[in-house]
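Visitor: I have a model open and would like to go through it. Can you take my questions as they come?
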Amino acid sequence: MAGRWWGSAWAGRSPVPHRERDLGAGAMTIADKMLPPEKSSDSRLGTDSESLRRSYIQHIAFTQAKVPDYATKNDRYMALAMAVRDRMIDRWLATRNAYYAQPNLKRVYYLSLEFLIGRTLGNSLINLNLYDACYDAIRDAGDDLEDLRELEEDAGLGNGGLGRLAACFLDSMATLGLPGYGYGIRYDYGMFHQRIRDGYQVEEPDDWLRLGNPWEIARPERTYRVRFYGRVERYLDEDGDLRARWVDTQDVLAMPYDTPIPGYGNKTVNTLRLFSAKSTRDFNLDYFNHGDYIRACEDKLRSETISKVLYPKDDSQAGRELRLKQEYLLVSASLQDILYRFRKQHTYWNELPDSAAIQLNDTHPSLAVPELMRILLDEEGVSWDEAWDICQRTFAYTNHTVMPEALETWRVDLMEHLLPRHMEIIYEVNRRFLEDVRKRFAGDDGRVTRMSLIEEGYEKKVRMANLAIVGSHAVNGVSALHTQLLRNRVLRDFHEMFPDRIQNKTNGITPRRWLKKSNPLLSYLITDTIGDKWVTDLTQLKKLASYADDASFRAQWRGIKSTNKELLAVYCRDRLNLTLDPSMMFDVQVKRLHEYKRQMMLILYAITMYNRIRTGAEPDPVPRTILLGGKAAPAYYQAKLCTKLAACVGNTIRNDPAVKGKLDVQFLENYRVSFAERIMPAAELSEQISTAGTEASGTGNMKFTLNGALTIGTLDGANVEIRDHVGPENIFIFGLTMEQVAELKTRGYDPAEYYHGNAELRTALDQITGNHFCSNEPGVFDMITNRLLREGDPFLVLADYAAYVECQERVDRLYRDPEAWTRMSILNTANVGYFSSDRTIQEYADDIWGVKPVNVTMD
C-alpha cells in the first residue's frame with residue numbers, strides 16, 4: 001500500500017503511453033468500452049477505484065469535451081480534479097446545511113490578505129481518504145496519479161509564513177469540525193515566478209490561473225459593490241438626528257470564488273471565499289461606437305487591476321493606493337458577506353458578537369474596524385456606543401510583527417482621499433480612546449503620543465496595529481517569546497492599559513500536509529509503528545521516543561531519510577538541472593530572503609569551510625551540501641544580492657578540485673509550497689538562525705523538525721519552545737539571546753571589532769570584497785560588505801559568527817556518528833506534537849472565538 005504514495009517509480013508501475021491505449025475515437029466508443037450500460041448509475045459519489053475511474057473518464061468527455069486519445073495532460077488533470085471535487089461537494093452541501101440548521105451557531109471568519117494553500121489535489125485526496133483508490137483508478141485508466149499531480153500549479157495567493165499559517169489554520173478548522181470561513185483576494189498573478197539567471201533573481205509573472213482552476217466555483221450572484229473616493233455629506237434623518245453618508249463614490253464589484261476545504265477523518269468541508277475585482281460595467285458603448293476602443297474599456301481595466309497582483313510594489317503613490325484598495329476591497333466585501341449571512345437568522349445587531357468571530361490576520365484587514373462602524377452608524381442607525389461595543393466584541397487581531405518600525409501605517413492624506421468616511425471614524429475613535437488614556441494615565445503625554453492611532457509628524461499616518469488593538473477584544477502573539485516582546489516592548493503601553501487583552505497562541509502546522517502527504521515513507525513507518533491516530537492528534541508521536549534506542553527502527557528511519565534525499569536529488573536534476581550528491585549532509589535554509597533571517601551568515605560559514613578545506617586546515621570534513629532557497633521582494637536589492645553571492649560561492653567551490661565532493665552550495669530557485677514538500681523530508685539540518693528578537697515565530701522550523709531534521713538556531717521565535725519540547729540536548733543552539741542583543745546595542749555595537757578579532761571572518765569578508773568569487777563583476781558585492789562593516793551590521797551577523805561556526809563543529813561531530821544522529825532525529829519528531837495547528841486552533845476556539853464544533857452527517 002505504501003508504494004502508491006510516491007508514484008510509479010516506487011510501485012513498479014508506469015503510465016501507459018497514449019498511443020497504446022485502445023479507447024476508441026468517439027463518444028459511443030467511450031460509452032461502450034469504459035462505461036457499460038449495466039454500470040450506468042451515477043458514479044460521482046462513489047469512493048471505490050471503479051467509481052473514481054468512471055468519474056475520471058466522464059469528466060474527460062463531458063467536462064473537457066475530449067475523447068481520451070486527444071485529451072491533453074491538462075485535460076486529464078482537470079478531469080481528475082473534477083472527479084475529486086465531486087466527492088467534496090456532497091459533503092460541502094451537507095456542511096452548509098448542518099451550519100444553517102443551528103440558528104444560534106457562532107461562526108469564525110478568518111480575514112487574511114494571503115492564503116498560501118499550495119496545491120489542492122494531493123491534500124484533498126489525503127483528507128478525503130481517497131489516495132489509494134484514486135491511484136488504482138488512474139492506473140486502470142492508463143495514466144499515472146503522480147504525473148497528473150505534478151501538473152497542478154501552486155495557487156498564487158500568498159508569499160510567506162503568514163499566508164502558509166492561514167492555510168494550515170483552514171485545514172485545522174475543518175478537521176476539528178469548526179464552522180470556519182476564510183476570506184481573501186483571488187489574485188490573478190501570484191507574487192512572482194523566480195528564475196535565477198547568472199546568479200541574479202529574475203521575476204517573471206506567476207500566471208497560476210492561465211489553464212484554469214478546477215477547485216473554485218464562481219458565485220456571481222453574491223457579488224458586492226465596493227466604494228472608493230467620493231465625499232461625506234451630513235443630513236438629518238426622520239428623527240431629526242444628524243447623520244453622515246458617503247456619496248459620489250467610484251465603485252467596483254467584488255465577485256466571490258469559493259474553494260472547498262475538506263477536513264480529515266470527518267464529513268466537514270468548509271469554505272475559502274476569495275474576491276476578484278470586477279468593473280461595474282465592462283465597457284462604455286458610446287466611446288466604443290465612436291472608435292475609442294481603448295477608452296471604452298478603461299474603467300474595466302482600472303477596476304480589475306485591484307486583484308491583479310499579490311503585493312504590488314508600493315514605492316510609488318499609485319502602488320500605495322493600489323495596495324490600500326486591496327485591503328479595503330477585502331474587508332468591505334467580506335463584511336458584506338458576513339452580515340448577509342447574519343441577517344438570514346438574526347434581527348438585532350447586538351447579537352452579532354454571539355454569531356460571528358472575526359479574526360484579523362495581521363494588520364492588513366484592520367480597516368474592518370472602521371468599516372463595520374460605518375455600516376452600523378450610517379446604514380443601520382446604531383448609536384456610537386452600541387456600535388463600538390459590537391465591534392470590540394466581534395474582532396480579534398493576530399500580530400505577526402516583532403520590530404516596531406515594521407508595523408503597518410498609511411498616510412492620512414491617502415486615507416482621506418480614498419476612504420474619507422473611514423478617516424472620519426478613525427479620528428473619532430482616536431479622540432474617544434485618547435480621552436480614556438489621559439484619564440487612566442494623567443499627565444503622561446508621551447504615552448498618549450505613542451498610543452494614538454495617528455502618528456504625528458511631517459506626514460501624518462494611521463497606525464493600523466493601534467487601530468486593530470483598540471477595536472478588538474483580544475490580541476495575540478504567535479510564539480511565547482513574541483508575546484513576551486509584545487507585552488514588554490512593542491505594545492507595552494497597550495498591555496498596561498489592557499492587561500488581559502494580549503495573549504499567546506503559538507503557531508502550528510498541519511500534520512496532514514507536512515508529514516502524511518509530503519513524507520509518505522516516514523508517515524507509513526510511523527503509522528506501522530504506533531498507529532494512525534497521530535494524524536489528528538500529533539502528541540501521539542510521543543510514542544516514538546521509546547523506539548529511538550531500537551537499532552532496527554533507527555536503520556529504517558535512516559533509510560527513509562536517505563531515500564528522500566535521493567528523490568530530491570532526482571527532482572533537482574530533472575527540473576532545475578542541478579546535481580546534488582545524496583551521500584552528503586543536506587544542510588537547508590529555505591525561507592523568504594531578508595537580512596534578519598541571516599542567509600548571509602550561512603554563506604559566510606560556507607566560505608569559511610571552503611577556505612579550511614582548500615588550505616588543508618580541515619583535512620577530513622563532513623561532506624556537506626548547503627541548500628538555500630527563497631524569494632526576495634523585487635525592490636529589496638540587499639536581499640537579492642544573497643542569491644548572486646550564493647551562486648558565485650557555489651560555482652567557485654564546484655570548480656575547485658580540492659573542495660569538490662566535500663562541500664557544495666546550491667540555490668534552489670522558485671521556492672514554493674509544493675517544492676517545500678519535497679525539501680523538508682530530505683533535509684538533515686534545519687537553519688533557523690535569525691537574530692534573537694526578530695522572528696515572531698516561524699513555522700518552517702516546525703516542519704523540518706516534524707520530518708526529522710535537526711535544528712541549528714538561535715533562541716528566537718518558536719525555536720525557544722521547540723528547544724523546550726525536544727530538549728536542549730537534542731537541538732543546536734548558539735548565539736546572543738534577545739537580552740544580550742539589546743545589551744550589546746545599548747552598549748554600542750562595533751562590527752569592526754569582530755572583523756579584526758577573527759581571522760577566518762576577516763578572510764571571508766576580504767574575499768567577497770576582493771571579487772574572489774565573482775572576478776568578472778568587480779564590486780558587485782560592495783553593498784553587502786558595506787552593510788556589514790560600515791553601516792552597523794543591523795542584524796549582528798558578525799557578532800554571532802564565531803558562535804555559529806563553533807556550533808556547526810558540534811553538528812559535524814554528531815553527524816559522524818549516524819546512530820547518535822538518527823536517535824536525535826527520532827526524538828525531535830517524537831516531541832514536536834505540540835506544534836500542530838490543530839492545537840493552535842483549538843486554543844483560538846476556546847480562548848478567543850468561543851466557537852464549538854458541528855457534527856456533519858451524510859444522509
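Guide: Let us start with one cross-strand pair: E455 stands opposite K461 in β15. Keep in mind that this is a predicted model.

Visitor: How many bridges join β14 to β15, and which way do they run?
Guide: Two bridges link β14 with β15, the strand of residues 461-463, and the two run antiparallel.

Visitor: What is the strand order in that sheet?
Guide: The order is β13-β15-β14, in an open sheet of three strands with antiparallel pairing.

Visitor: Which strands stand at the edges?
Guide: β13 (409-411) and β14 (454-455) do. Each has a single partner strand, so one side of each is left without a neighbour in the sheet.

Visitor: Changing topic. How many residues are in the largest nonpolar core?
Guide: That core has 121 residues, and M173, F228, L329, F433 and W849 have the most contacts inside it. Helix α12, residues 317-345, supplies the largest share of the core, with 11 residues.

Visitor: What is M173 in contact with, leaving aside its neighbours within four places in sequence?
Guide: On that basis, M173 is in contact with V108, Y110, L178, G180, N270, I841 and W849. Apart from the core of M173 lies another core, of 79 residues, with C134, L541, V673 and A718 among them.

Visitor: And aromatics: how many pairs does a search of the whole structure find?
Guide: The search finds 25 aromatic pairs. One aromatic cluster is formed by Y99, Y109, Y181, Y183, Y224 and F275.

Visitor: Which rings have an arginine over them?
Guide: Two examples. The charged end of R245 sits over the ring of Y235, 4.0 Å from the ring's centre. R447 lies over the face of F441, also with 4.0 Å to the ring centre.

Visitor: Now R492. Where is its place?
Guide: R492 is in helix α21, which covers residues 492-497.

Visitor: Why does R492 count as partly exposed?
Guide: Because its relative accessibility is 47%, and partly exposed covers values between 20% and 50%. Leaving aside neighbours within four places in sequence, R492 is in contact with L486 and R487.

Visitor: How far apart are R492 and R87 in space?
Guide: They are 50 Å apart, C-alpha to C-alpha, and 405 residues apart in sequence.

Visitor: Last one: where does pLDDT stay under 50?
Guide: Over residues 1-41, for which the model has 76 contacts beyond four places in sequence. Where pLDDT is low, the predicted coordinates should not be read in detail. For the protein, the mean pLDDT is 92, with 93% of residues at 70 or more.

Methods
Residues numbered from 1 in each chain as written. Predicted model: local features only at pLDDT ≥ 70, side-chain atom pairs only at ≥ 80, totals over all residues. Heavy atoms only, no water. Core = buried A, V, L, I, M, F, W, Y, C linked by side-chain atoms within 4.5 Å. Buried < 20%, exposed > 50% of the residue type's maximum accessible area, 1.4 Å probe, protein only. Helix = DSSP H or I, 4+ residues; strand = E, 2+ residues; numbered from the N terminus. Contact = heavy atoms within 4.5 Å. Phe/Tyr/Trp six-rings, centres within 6.5 Å; stacked < 30°, edge-to-face > 60°. Lys NZ or Arg CZ within 6 Å of the ring centre and 35° of its normal. Pairing = 2+ DSSP bridges. pLDDT = per-residue confidence, 0-100.
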